[in-house]
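Trainee: Could you take me through one part of this model up close? I'd like to hear about the charged side chains that are tucked away, and then a bit of the surface.

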Amino acid sequence: MSAVDALLEAARAGLDRVTPHRAAELQRDGGLLVDIRYAELRERDGTIPGALIVERNELEWRLDPTGAHRAPEATGHDLPVVVVCNEGYASSLAAVSLRQLGLYRATDLVGGFQAWRAAGLPVRG
């Protein structure tokens, strides 16, 4: 197993990863979906309506509820956050990083945006 595969496996062991339909339920109930895909992928494939767009390199600064650069949606450490990448790999590592910031309900979307779209859930663009 490669080092990055081991890192990913360890990250996922600590997450309660969610399916697309569960992510939609969490969003409906006040949870925050955070799309970390880069602009080219969003332009090509569209976006999830209501998801907060934060590219990966800004994620921790924008989601830290105690930070000066936080997004208005980053309301507290108990906020359910579902990180969405393209296929569900980078989002696992990003969710662990958010947990290290104290966002203890952070997780990620199994299969990423591609799984969301394949599940027939709403896509804008």
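Mentor: Sure. First, a bit of vocabulary: helices here are DSSP runs of at least four residues, numbered from the N terminus. Keep in mind too that this is a predicted model.

Let's start with arginine 42, which sits in helix H3, residues 39–45. Its relative accessibility is 17%, and the cut-off for buried is under 20%, so arginine 42 counts as buried. What does arginine 42 touch, once residues up to four places away in sequence are left out? The list is Asp35, Arg37, Thr47, Ile53 and Glu55.

Now move on to glutamate 60. You'll find it in helix H4, which covers residues 59–63. With a relative accessible area of 16%, glutamate 60 is under that 20% cut-off too, so it is buried. Setting aside neighbours within four places in sequence, glutamate 60 is in contact with Ser97 and Leu101. Zoom in on the serine: the side chains of glutamate 60 and serine 97 make a polar contact at 2.5 Å.

For the surface, go to helix H1, residues 3–13, where leucine 7 has its place. Leu7 joins Val4 and Leu93 in making a nonpolar surface patch of about 250 Å². How far is valine 4 from arginine 42, where we began? C-alpha to C-alpha, the two are 25 Å apart in space, with their positions 38 residues apart in sequence numbering.

Key: Residues are numbered from 1 along each chain as its sequence is written. This is a predicted model: local features need pLDDT of at least 70, side-chain atom pairs count only at pLDDT 80 or more; totals for chains, interfaces and linings use all residues. Side-chain values use heavy atoms; hydrogens and water are left out. Patches are made of residues with over 30% relative accessible area and no salt bridge: like charges are joined within 9 Å, nonpolar side chains (Val, Leu, Ile, Met, Phe, Trp, Tyr) within 5 Å. Accessible areas come from the Shrake-Rupley method with a 1.4 Å probe; for residues, only the protein chains shown count as cover. A salt bridge is a side-chain nitrogen of Lys or Arg within 4 Å of a carboxyl oxygen of Asp or Glu. Helices (H or I, at least four residues) and strands (E, at least two) are DSSP runs, numbered from the N terminus. Buried means under 20% relative accessible area, exposed over 50%, partly exposed in between (1.4 Å probe, protein chains only). A polar contact is a pair of N or O atoms within 3.5 Å; within protein, one must be able to donate a hydrogen and the other to accept it, and residues adjacent in sequence count only if both atoms are side-chain atoms. Contact means heavy atoms within 4.5 Å.
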